[in-house]
Amino acid sequence: MISLDKWRISSYINCLSQHFSDHKLVTSMAFLIASAKGDDLEFFAPDTDYVAYFDKLEDVKGECSQYVKIFSSYDEKTIRGVSVKLWYYYANKEVKFTDREKKLLSELGIKV
């Protein structure tokens, strides 16, 4: 039996993949959504310029239209960059978010 967090994260990634073609962008977005919803982030880790998901994806699809709308207002570099910064922020590293990044986090319901 899969955990609820893995099921939810798979649903984010599968849904976002229908709207965005860049896998690195999609996993960065899924990390941000999972952060906003309080999901377990243990299978996410930063790479050079994005946050990757390192577990098996389940064949589930969820609803993500509210997130597609939010993310569509931001460029790829901002989304990928803020995901990496947020991961390091959670690891108690010092990071500085730009005003645009703070706005995105706020729209997602993430407080920093």
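From the N terminus on, the elements of the chain follow the order α-α-β-β-α-α-α, which amounts to five helices and two strands. The model is a predicted one, and the description below should be read in that light.

In overall dimensions, the C-alpha trace spans about 40 × 30 × 25 Å along its principal axes. The radius of gyration of the chain is 13 Å, which agrees with the value near 13 Å for a compact globule because the chain has 112 residues. Of these 112 residues, 42% count as buried. Among the contacts with a separation of 6 or more, 65% are made by residues 24 or more positions apart. The accessible surface comes to about 6,500 Å², and carbon and sulfur atoms hold 50% of that area.

Helix α4 deserves a closer look. This helix takes in residues 76–90, 15 residues in total, and its first and last C-alpha atoms lie 21 Å apart, close to the 21 Å expected at 1.5 Å a residue. Its buried residues are Thr 78, Ile 79, Arg 80, Val 82, Ser 83, Val 84 and Leu 86. An α-helix has 3.6 residues a turn, so residues three or four places apart point the same way. The cover over the buried residues of α4 includes the helices α2 (23–37), α3 (65–71) and α5 (99–108), together with strand β2 (51–53).

Both ends of α4 offer a local detail. At the start of the helix, a side-chain oxygen of Asp 75 comes to within 3.2 Å of the backbone nitrogen of Lys 77. Just after the helix, Asn 92 adopts a positive phi of about 65 degrees.

Conventions
Residues are numbered from 1 along each chain as its sequence is written. This is a predicted model: local features need pLDDT of at least 70, side-chain atom pairs count only at pLDDT 80 or more; totals for chains, interfaces and linings use all residues. Side-chain values use heavy atoms; hydrogens and water are left out. Helices (H or I, at least four residues) and strands (E, at least two) are DSSP runs, numbered from the N terminus. The expected span of a helix is 1.5 Å times one less than its number of residues. Buried means under 20% relative accessible area, exposed over 50%, partly exposed in between (1.4 Å probe, protein chains only). Contact means heavy atoms within 4.5 Å. A polar contact is a pair of N or O atoms within 3.5 Å; within protein, one must be able to donate a hydrogen and the other to accept it, and residues adjacent in sequence count only if both atoms are side-chain atoms. The radius of gyration is taken over C-alpha atoms; the globule rule is 2.2 Å times the number of residues to the power 0.38. Accessible areas come from the Shrake-Rupley method with a 1.4 Å probe; for residues, only the protein chains shown count as cover.
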